[in-house]
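Here is a short tour of a protein fold, written for someone who likes to work from coordinates. Have the viewer open as you read along.

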Amino acid sequence: MNRIKLFIPLLVCVVIGAFLYKALDNDPSVLPSALIGKPFPEFNLPRLKSDTMVTRDDLIGEPFLLNVWATWCPTCVSEHPYLGALAESGIRIVGLNYKDENQKALGWLKRLGDPYMLNIVDADGRLGLHLGVYGAPETFLIDKNGIILHRRAGDLNARVWKDEFLPILQAL
């Protein structure tokens, strides 16, 4: 009986190890979204470069990417050149400036370039909350009817574009 008690710590370690392995085996950028296949949420928020308001209806009609970004996000800086290349190739990109300061955001875009057809200010994070945003950057693919087709947490780069976004866009 005492020998069996010696194996209890080993068994506990194996069980904990199995849980940790399963947790580390998941790709953190592949976060589930309850909104896939559902309409983009209704909103009424200001544009970054003017006082005019933007609504969901202003965005639908053609497929577009919604890129959640902020000046406090270091990964947003690294993905920014690729967003510029996508915009130059004709991809419509809408920016969602998330929990940021307008003057900092305007300076950031002036310094790094502006790949967005427009930028929506989400200062309090309310639209981000409705989208289930964990942080920045995150990118959503929305079809011409305003239906969310895909969500990516983390940077958008050539590999991610080719593997995740392009097949969905080509199928439209």
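In the protein chain of this predicted model, 71% of the contacts with a separation of 6 or more come from residues 24 or more positions apart. Of the 172 residues in the chain, 40% are buried. The accessible surface comes to about 10000 Å², and carbon and sulfur atoms account for 61% of that area.

What does the secondary structure add up to? The protein chain has six helices and seven strands. Read from the N terminus, the order of elements is α-β-β-α-β-α-β-α-β-α-β-β-α.

**The sheet**

Five of the strands make an open sheet with mixed pairing, in the order β5-β4-β3-β6-β7. Strands β5 (118-122) and β7 stand at its edges with a single partner strand each, so one side of each has no neighbour in the sheet. From one strand to the next, the twist averages 20°.

Two of the pairings are worth a look in the viewer. Strand β3 (residues 64-69) and strand β4 (residues 93-98) run parallel and are joined by five bridges. Here Trp-69 stands opposite Asn-97 in β4. Strand β6 (residues 138-142), in turn, pairs with β7 in the antiparallel sense, again over five bridges. Within this pairing, Phe-140 has Arg-151 in β7 as its bridge partner. The hairpin of β6 and β7 has five residues between the strands, and Gly-146 there takes a positive phi near 85°.

Is the edge strand β7 largely enclosed or largely open? Five of the six residues of β7 (residues 148-153) are buried, that is, under 20% relative accessible area, so the strand is largely enclosed by the rest of the structure. Strand β7 therefore combines an edge position in the sheet with burial of five of its six residues.

**Helices across the sheet**

Two helices that lie across strands of the sheet can be set side by side:

| Helix | Residues | Lies across | Angle to β3 |
|---|---|---|---|
| α3 | residues 74-88 | β3, β4 and β6 | about 160° |
| α4 | residues 102-112 | β3, β4 and β5 | about 120° |

Strands β3 and β4 are thus listed for α3 and also for α4. Beyond these strands, helix α3 lies across β6, whereas helix α4 lies across β5.

To follow this on screen, you could begin at the parallel pair β3 and β4, and then go on to β6 and its antiparallel partner β7.

Note on methods. Residues are numbered from 1 along each chain as its sequence is written. This is a predicted model: local features need pLDDT of at least 70, side-chain atom pairs count only at pLDDT 80 or more; totals for chains, interfaces and linings use all residues. Side-chain values use heavy atoms; hydrogens and water are left out. Buried means under 20% relative accessible area, exposed over 50%, partly exposed in between (1.4 Å probe, protein chains only). Helices (H or I, at least four residues) and strands (E, at least two) are DSSP runs, numbered from the N terminus. Two strands pair if DSSP finds at least two bridges between them. Axes are lines fitted to C-alpha atoms, for helices over the stretch in contact, and angles run from 0 to 180 degrees between N-to-C directions. Contact means heavy atoms within 4.5 Å. Accessible areas come from the Shrake-Rupley method with a 1.4 Å probe; for residues, only the protein chains shown count as cover.
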